[in-house]
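Q: I would like to learn how to read a structure of this kind step by step. Could we look at it together and take one feature at a time?

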Amino acid sequence: MELDLAGAELKSVLNRLRRAQGQISGVIRMIEEGRDCEEVVTQLAAASRALDRAGFAIIATGLQQCLTDIGDGPGAEEQRDEMRTRLEKLFLSLA
């Protein structure tokens, strides 16, 4: 399953990943500085949410692309069911 992100989708996913990258760098810095545990966990949770949202966006785009790419030929329904199962498994891995 190849993912083809374009335009706004790509920009959105990359922005979320960059935000998470910055938050993770901040968490590392906070730990090194001996900052308050509650502050560290709050920032870590924010980074985790940013990663999850990027993953959900990728899965949603993949679902749309894959189901469209399958078409309506022979065996298409079986292929769609298989793809739906694979993408559901990916989705649940983020939950």
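A: Let us begin with the surface as a whole: the protein exposes about 6,800 Å², and carbon and sulfur atoms supply 54% of that area. Please keep in mind throughout that this is a predicted model.

Q: How many of the residues score at least 70 in pLDDT, and what is the average for the protein?

A: The general idea is that where pLDDT is low, the predicted coordinates should not be read in detail. In this case the protein averages a pLDDT of 81, and 81% of the residues score at least 70. Among the elements, helix H1, residues 7-32, has the highest mean pLDDT, at 88, whereas helix H3, residues 76-94, has the lowest, at 77.

Q: Which secondary structure elements does the protein have, and in what order do they run from the N terminus?

A: The secondary structure comes to 3 helices and 0 strands, and from the N terminus on the order of the elements is α-α-α. As for how the chain meets itself, among contacts between residues at least 6 apart in sequence, 67% join residues that are at least 24 apart.

Q: What share of the residues is buried?

A: Burial is judged from relative accessible area, with under 20% taken as buried and over 50% as exposed. Of the 95 residues in the protein, 24% are buried. One buried residue is Val27, which lies in helix H1 and counts as buried because its relative accessible area is 6%.

Q: Which residues is Val27 in contact with, leaving aside its neighbours within four places in sequence?

A: With those neighbours left aside, Val27 is in contact with Val40, Gln43 and Leu44. A distance between backbone positions can be read alongside such contacts: Val27 and Val41 are 14 residues apart along the chain, and their C-alpha atoms are separated by 8.2 Å.

Q: Is Gln23 buried or exposed?

A: Gln23, which is also found in helix H1, has a relative accessibility of 16% and therefore counts as buried. Its side chain reaches the backbone nitrogen of Ala47 at 3.4 Å. Apart from neighbours within four places in sequence, Gln23 is in contact with Gln43, Ala46, Ala47 and Ala50, so that Gln43 appears among the contacts of Gln23 and among those of Val27.

Q: Where is Phe56 placed, and which residues does Phe56 touch?

A: Phe56 has its place in helix H2, residues 37-70, and because its relative accessibility is 30%, it counts as partly exposed. Not counting residues up to four places away in sequence, Phe56 touches Phe91 and Leu94. Phe56 and Leu94 are 38 residues apart in sequence, while the distance between them in space is 7.7 Å, C-alpha to C-alpha.

Q: Which residues make the nonpolar surface patch, and which element gives its largest share?

A: The patch has an area of about 440 Å² and is made by Leu10, Leu14, Leu17, Ile24, Ile28 and Leu51. The largest share, 5 residues, comes from H1. One of the patch residues is Leu10, found in helix H1, and Leu10 counts as partly exposed because its relative accessibility is 34%.

Q: How many salt bridges are counted, and which residues are linked in a network of them?

A: In general, side chains of opposite charge can pair when their charged atoms come close. Here the count comes to 2 salt bridges, and Glu33, Arg35 and Glu39 are linked in a network. Arg35 forms a salt bridge with Glu33, where the closest N and O atoms are 3.5 Å apart, and another with Glu39, where the closest N and O atoms are 2.9 Å apart. Arg35 counts as partly exposed because its relative accessibility is 41%, and Glu39, with a relative accessibility of 35%, therefore counts as partly exposed too.

Q: What does a polar atom of the side chain of Asp36 lie 3.1 Å from?

A: Asp36 has its place in the loop between H1 and H2, and a polar atom of its side chain lies 3.1 Å from the backbone nitrogen of Glu38. The relative accessible area of Asp36 is 42%, which means that Asp36 is partly exposed.

Methods
Residues are numbered from 1 along each chain as its sequence is written. This is a predicted model: local features need pLDDT of at least 70, side-chain atom pairs count only at pLDDT 80 or more; totals for chains, interfaces and linings use all residues. Side-chain values use heavy atoms; hydrogens and water are left out. pLDDT is the predictor's confidence in each residue, from 0 to 100. Helices (H or I, at least four residues) and strands (E, at least two) are DSSP runs, numbered from the N terminus. Patches are made of residues with over 30% relative accessible area and no salt bridge: like charges are joined within 9 Å, nonpolar side chains (Val, Leu, Ile, Met, Phe, Trp, Tyr) within 5 Å. Accessible areas come from the Shrake-Rupley method with a 1.4 Å probe; for residues, only the protein chains shown count as cover. A salt bridge is a side-chain nitrogen of Lys or Arg within 4 Å of a carboxyl oxygen of Asp or Glu. Buried means under 20% relative accessible area, exposed over 50%, partly exposed in between (1.4 Å probe, protein chains only). Contact means heavy atoms within 4.5 Å. A polar contact is a pair of N or O atoms within 3.5 Å; within protein, one must be able to donate a hydrogen and the other to accept it, and residues adjacent in sequence count only if both atoms are side-chain atoms.
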